[in-house]
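Visitor: I would like to learn how to read a protein model, one feature after another. Could we begin with a single side chain and then move outwards?

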Amino acid sequence: MSEENIITEELTEAAELEENIPSELEEIIPTEAEEISDSTPTEEDKGIDALKDEIRSLKEQISALEAERETHSRMLQEVSDFSLLFPDVDLDEIPESVWESVKKGTALSASYALYEKRMDAERARIAKINASNASRSAGVAGKDTANEYFTPEDVRKMSPSEVHANYSKIKKSMSKWM
């Protein structure tokens with residue numbers, strides 16, 4: 001074969017290959033329409049996405065439950081501490097203001113101690129005002145008896161015979177005590 005024949009033969013083969021390439025490529029490389037249909041999630045993809053969403057939801061639920069468990073555990077510890085510090089106080093006797101403080105993050109024992117401190121200060125203030133008013137009082141108007149009313153302090157200072165002698169006046173006085 002001559003060199004010219006060889007070249008012609010190679011050109012012919014190349015032309016045949018060129019004609020066959022597009023059909024072979026169509027089989028291998030998807031068309032744009034196929035690419036679009038492939039980009040749409042398949043049922044399997046949808047199932048996987050649903051499982052991922054469910055896993056995410058379960059993880060969120062677990063986190064919420066763990067946070068709730070920690071809160072319950074903290075509250076149990078606070079109630080235990082409270083019972084040791086205030087053994088005579090029933091949890092049902094704790095005022096709402098203390099529970100509001102606990103909800104904001106203050107420890108139960110600290111909230112109750114602060115409440116007690118405020119109540120003691122208020123009682124002391126009231127006692128001081130009452131003592132001041134009693135010292136300035138002229139007594140019962142229009143009556144000649146000086147001891148129509150007895151304070152708790154007066155009664156505590158009395159002997160048993162004085163309590164017996166003034167029992168009816170003491171009972172009337174008790175209705176005016178706090």
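Guide: Let us begin with a pair of side chains: in this predicted model, the side chain of E78 makes a polar contact with the side chain of R74, at 2.7 Å. The general idea is that a polar contact pairs N or O atoms within 3.5 Å, and the 2.7 Å between E78 and R74 falls under that heading.

Visitor: In which helix does E78 lie, and does E78 count as buried or exposed?

Guide: E78 lies in helix α3. The general idea is that a residue counts as buried under 20% relative accessible area; E78 has 10% relative accessibility and therefore counts as buried.

Visitor: Which residues does E78 touch, if those up to four places away in sequence are not counted?

Guide: With those neighbours left out, E78 touches V102, T106, A107, L108 and S109. One of these, L108, is also named where α3 meets α5, for there E78, V79, D81, F82 and L85 in α3 meet L108, S109 and Y112 in α5. By kind, the residues of this contact divide into five nonpolar, one polar and two charged.

Visitor: How should I read the way two helices cross, and at what angle do the axes of α3 and α5 cross?

Guide: One looks at how close the axes come and at the angle between them. Helix α3 covers residues 43-85 and helix α5 covers residues 108-136, and their axes come within 8 Å and cross at roughly 40°. That crossing makes α3 oblique to α5.

Visitor: Staying with helix α5, where is S111 placed, and is S111 buried or exposed?

Guide: S111 has its place in helix α5, and, with a relative accessible area of 5%, S111 is buried. When residues up to four places away in sequence are not counted, S111 touches V98, S101, V102 and T106.

Visitor: What is the relative accessibility of Y115, and how does Y115 count?

Guide: Y115 also has its place in helix α5, and at 24% relative accessibility Y115 counts as partly exposed. The class of partly exposed lies between buried, which is under 20%, and exposed, which is over 50%.

Visitor: How far apart are Y115 and P95 in sequence and in space?

Guide: Here one sets two separations side by side: Y115 and P95 are 20 residues apart in sequence, while their C-alpha atoms are 8.8 Å apart in space. P95 is also among the residues that Y115 touches, together with S97 and V98, when residues up to four places away in sequence are not counted.

Visitor: Could we turn to later helices, and ask where E162 is placed and which backbone nitrogen lies 2.8 Å from a polar atom of its side chain?

Guide: E162 has its place in helix α7, which covers residues 160-165, and with a relative accessible area of 37% E162 is partly exposed. A polar atom of the side chain of E162 lies 2.8 Å from the backbone nitrogen of S159, which shows that a side chain may be paired with a backbone atom as well.

Visitor: What are the relative accessibilities of K172 and S168?

Guide: K172 lies in helix α8, residues 167-174, and K172 is exposed, with a relative accessible area of 59%. S168 has its place in helix α8 too, and at 52% relative accessibility S168 counts as exposed. In space, K172 is 7.5 Å from Y149, C-alpha to C-alpha, although 23 residues separate them in sequence, and S168 is 9.8 Å from E148, with their positions 20 residues apart in sequence.

Visitor: How many helices and strands does the protein chain have, and what percentage of its residues count as buried?

Guide: The protein chain has eight helices and zero strands, and 10% of its 178 residues count as buried. Its accessible surface comes to about 15,000 Å², of which 55% belongs to carbon and sulfur atoms. Among contacts with a separation of 6 or more, residues 24 or more positions apart account for 39%.

Technical notes: Residues numbered from 1 in each chain as written. Predicted model: local features only at pLDDT ≥ 70, side-chain atom pairs only at ≥ 80, totals over all residues. Heavy atoms only, no water. Axes fitted to C-alpha atoms, helices over the stretch in contact; angles between N-to-C directions. Helix = DSSP H or I, 4+ residues; strand = E, 2+ residues; numbered from the N terminus. Parallel < 35°, antiparallel > 145°, perpendicular 65-115°, else oblique. Contact = heavy atoms within 4.5 Å. Nonpolar A, V, L, I, M, F, W, Y, C, P; charged D, E, K, R; others polar. Buried < 20%, exposed > 50% of the residue type's maximum accessible area, 1.4 Å probe, protein only. Areas by Shrake-Rupley, 256 points an atom, 1.4 Å probe, with all protein chains shown as cover. Polar contact = N/O pair within 3.5 Å; in protein donor to acceptor, adjacent residues only side chain to side chain.
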